[in-house]
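User: Please take a close look at a single part of this model and set it in the context of the rest. I would like one connected description, with the cut-offs given as you go.

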Amino acid sequence: TIALQSSQSGYASTRGEPIADSCEPNYGKKMLSPVVDGNVVPKLVHVRHRFPMRVTILDDPRYQDPAFDEVVHTACERWADATKDAREQRFTFVIDRRADPTGADVIVQFGTAEEFEGFDGHTAEHTGWAEVRLATVDVNGKRTTRGRLSRVATHELGHALGIWGHSPDATDVMSENPRAGSVTTADVNTLRLAYHPSNPNR
């Protein structure tokens with residue numbers, strides 16, 4: 001899920017510029033609310049402007065296992081690999097772990113669903129940076145499997161990149177409950193729409 005500070009809708013051009021045909025298939029016009037059971041209007045936003053993006057894992061003594069860092073690296077690699085041929089923007093990342101995340105574009109914090117208001121994953125967009133929270137323990141006190149944690153991390157990173165909504169197709173990683181962690185063609189093309197010159201949300 002994602003917390004937003006704006007309710008402006010859609011991605012359609014206000015400049016009369018056509019959306020690139022090569023951005024098909026996509027779910028830009030079919031996106032669901034980014035808030036589960038919420039009424040927040042979904043949108044696509046050219047929100048990140050510096051590449052490679054600086055992704056900082058907030059250093060927490062509870063989460064020193066390298067497996068947690070690998071989850072973040074995997075999520076970044078999935079989006080980087082999937083967008084490597086995108087004309088609008090190739091997404092590249094520099095990842096570190098620090099106690100002081102000053103200067104980061106995306107800050108990743110691990111915790112529990114109880115600490116994160118019951119969410120397995122949550123993204124909040126701030127001015128100039130995004131905060132991604134990943135729960136290692138669900139609301140029932142059960143440890144999140146590494147596969148699910150990786151899937152949630154990839155999904156939340158998609159929000160941080162500019163897909164402020166959910167796909168209606170469960171095969172896409174940006175669906176509300178994705179079946180897999182792979183970034184699909186529809187995921188990539190929808191993200192491309194966010195960075196296309198015709199998108200007014202820049």
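Analyst: A polar contact is a pair of N or O atoms within 3.5 Å; within protein, one must be able to donate a hydrogen and the other to accept it, and residues adjacent in sequence count only if both atoms are side-chain atoms. The model is predicted, so local features need pLDDT of at least 70 and side-chain atom pairs pLDDT 80 or more, while totals for chains, interfaces and linings use all residues. Residues are numbered from 1 along each chain as its sequence is written, and side-chain values use heavy atoms, without hydrogens or water.

The part chosen is helix α1, residues 66–82. Helices (H or I, at least four residues) and strands (E, at least two) are DSSP runs, numbered from the N terminus. At the N-terminal end of α1, D65 acts as the cap, with a side-chain oxygen 2.8 Å from the backbone nitrogen of A67. The 17 residues of α1 should span 24 Å at 1.5 Å a residue (1.5 Å times one less than the number of residues), and the 24 Å between its end C-alpha atoms agrees with this.

F68, D69, V71, V72, A75, C76, W79 and A80 are the buried residues of α1 (buried is under 20% relative accessible area, exposed over 50%, partly exposed in between, with a 1.4 Å probe and protein chains only). Viewed down the axis of α1, these residues fall within an arc of 165° (taken from the directions from the axis to the C-beta atoms), so they line one face of the helix. An α-helix has 3.6 residues a turn, so residues three or four places apart point the same way.

W79 also figures in the largest nonpolar core, which has 42 residues: W79, F93 and F110 touch the most other members. Such a core is a set of buried Ala, Val, Leu, Ile, Met, Phe, Trp, Tyr and Cys residues joined through side-chain atoms within 4.5 Å. The elements giving two or more residues to it are β3 (53–58), α1, β5 (106–112), β7 (129–137), α2 (146–161), β8 (163–164) and α3 (185–195). Of these, α1 gives the most, with seven residues.

F110 shows how α1 meets other parts of the chain. Apart from neighbours within four places in sequence, F110 is in contact (heavy atoms within 4.5 Å) with F68 and V72, and also with I57, D60, R62, Y63, F116, L134, T136 and L149.

Another contributor to the core, α2, can be set beside α1. The 16 residues of α2 should span 22 Å at 1.5 Å a residue, and its end C-alpha atoms are 22 Å apart, in agreement. In α2, 13 of the 16 residues are buried, so the helix is largely enclosed by the rest of the structure. G162, with a positive phi near 135°, follows α2.

In helix α3, R192 is buried, with a relative accessible area of 11%. Leaving aside neighbours within four places in sequence, R192 is in contact with S22, C23, A86, R87 and E88.

For the chain as a whole, three helices and eight strands follow the pattern β-β-β-α-β-β-β-β-α-β-α along the sequence. Buried residues make up 51% of its 202 residues. Of the contacts between residues at least 6 apart in sequence, 73% join residues at least 24 apart.
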